[in-house]
Amino acid sequence: MNHHTHLLEGTYNELLVTLSFLIAITAAYASFGLANRVKISRAKFIQFWLISGAFTLGIGIWSMHFIAMLAFHLPVDVSYNLWFVLLSILGAITGCYIGLYLIHKQKKSIKALIIAGSFMGAGIVFMHYLGMMAMEPIMISYDPFIVFLSILIAVAASNTALWLGFYSKLNEGKLTVFAKVICSTIMGIAIAGMHYTGMQAASFSGMSMSEHSNGFALNPIYLSVVIVFFIVCLFTAVFLTIFMDRRVQK
């Protein structure tokens with residue numbers, strides 16, 4: 001570390017931390033409903049539901065991540081590099097799509113589940129650490145062991161989500177809404193757990209403003225407004241779409 005940097009200690013906003021968990025749980029619940037549509041829909045609609053599921057889970061995980069980032073307060077003004085933010089969104093959606101596509105195309109087996117879950121987990125990890133790189137003017141170093149632990153949690157959470165969505169009886173009408181909420185809560189906590197484990201691995205250092213270029217930077221307040229507005233619209237659209245599709249297919 002050179003004379004331009006110094007270690008920074010961060011604190012969490014408890015309200016935003018709670019919101020991040022609620023977003024993760026809601027994303028999990030919505031994705032289970034979309035997984036059911038993939039399982040029972042006619043072939044010509046499969047791609048629509050796969051893409052919808054990838055967007056919902058990917059955006060949900062990404063939104064949880066950035067709400068959790070905004071919950072973390074450092075004693076410097078932080079902005080977010082637009083390009084890294086956009087790449088993190090792309091990584092989350094792509095990883096979720098590949099995972100959903102593979103688990104749909106391949107036969108039900110432990111091997112297929114692990115491969116699909118690994119791709120989805122990789123997308124979550126890619127999203128998380130790119131999102132961390134978006135922080136400016138901040139330098140971050142990591143504890144390799146805790147980073148590895150966060151990767152294991154991401155893969156485990158992804159495998160759990162795919163198993164609940166495609167292999168279990170969760171979406172076959174044999175579990176109550178209460179049971180689905182419990183499963184979604186477990187899944188949401190696992191997703192959020194990956195983020196907070198990754199944050200625990202990080203050490204933050206301040207950088208002099210002369211070393212910092214904030215071209216295409218996003219103000220945290222604007223970013224938070226966009227995130228909340230976007231996820232409310234997204235989840236509302238998802239639940240309405242699932243509801244209408246069920247009515248049509250009855």
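**View 1. A strand residue tucked away: Ser205.** A strand, as the word is used here, is a DSSP run of type E with at least two residues, and strands are numbered from the N terminus. With that in hand, look for Ser205 in strand E7, keeping in mind that this is a predicted model. E7 covers residues 202–206. Is Ser205 buried or exposed? Buried means under 20% relative accessible area, and Ser205 counts as buried because its relative accessibility is 7%. Now find Leu74 as well: Ser205 and Leu74 are 131 residues apart along the chain, yet their C-alpha atoms are separated by 9.9 Å.

**View 2. Stepping back to see the whole protein.** Here we zoom out for a moment. The protein is built with 7 helices and 8 strands. It has 250 residues, and 50% of them count as buried. How much area does the protein expose? The answer is about 12600 Å², with carbon and sulfur atoms supplying 71% of it. Next, take the contacts between residues at least 6 apart in sequence: 89% of these join residues at least 24 apart.

**View 3. Inside the largest nonpolar core.** This core holds 63 residues, and those with the most contacts inside it are Trp62, Leu74, Tyr80, Met135, Leu162 and Phe204. Several elements give two or more residues to the core, among them helix H1 (14–40), helix H3 (82–105), helix H6 (177–200), strand E7 and helix H7 (220–249). Which helix gives the most? That would be H2, with 14 residues.

**View 4. Helix H2, surrounded by its neighbours.** H2 runs over residues 46–71. From its first C-alpha to its last, this 26-residue helix reaches 37 Å, close to the 38 Å expected at 1.5 Å a residue. Why call H2 largely enclosed by the rest of the structure? Because 22 of its 26 residues are buried.

**View 5. Zooming in on Ile67.** Ile67 has its place in helix H2. With a relative accessibility of just 2%, Ile67 counts as buried. What does Ile67 touch, leaving out residues up to four places away in sequence? Its contacts are Leu16, Leu19, Ser20, Ile23, Ile227 and Val228. Val228 is 161 residues from Ile67 in sequence, but 8.6 Å from it in space, C-alpha to C-alpha.

**View 6. Phe119 and its contacts.** You'll find Phe119 in helix H4, which spans residues 110–133. Phe119 is partly exposed, at 41% relative accessibility. Setting aside residues up to four places away in sequence, Phe119 touches Gly95, Ile98 and Leu102. Asn159 is worth locating too: Phe119 and Asn159 are 40 residues apart in sequence, and their C-alpha atoms are 9.7 Å apart in space.

**View 7. A nonpolar patch on the surface.** Which residues make this patch? They are Phe145, Phe148, Leu149 and Leu152, and together they form a nonpolar surface patch of about 420 Å². Zoom in on Phe148, which is found in helix H5 (residues 144–167). Phe148 counts as partly exposed because its relative accessible area is 48%, and the partly exposed class runs between 20% and 50%.

**View 8. Trp163, also in helix H5.** Let's stay with H5, where Trp163 lies. Trp163 has a relative accessible area of 40%, so it is partly exposed. How far apart are the C-alpha atoms of Trp163 and Ile103? They are separated by 9.2 Å, although the two residues are 60 residues apart along the chain.

Key: Residues numbered from 1 in each chain as written. Predicted model: local features only at pLDDT ≥ 70, side-chain atom pairs only at ≥ 80, totals over all residues. Heavy atoms only, no water. Patch = residues over 30% accessible without salt bridge, like charges linked within 9 Å, V, L, I, M, F, W, Y side chains within 5 Å. Areas by Shrake-Rupley, 256 points an atom, 1.4 Å probe, with all protein chains shown as cover. Salt bridge = Lys/Arg side-chain N within 4 Å of Asp/Glu carboxyl O. Helix = DSSP H or I, 4+ residues; strand = E, 2+ residues; numbered from the N terminus. Buried < 20%, exposed > 50% of the residue type's maximum accessible area, 1.4 Å probe, protein only. Contact = heavy atoms within 4.5 Å. Core = buried A, V, L, I, M, F, W, Y, C linked by side-chain atoms within 4.5 Å. Expected span 1.5 Å × (residues − 1).
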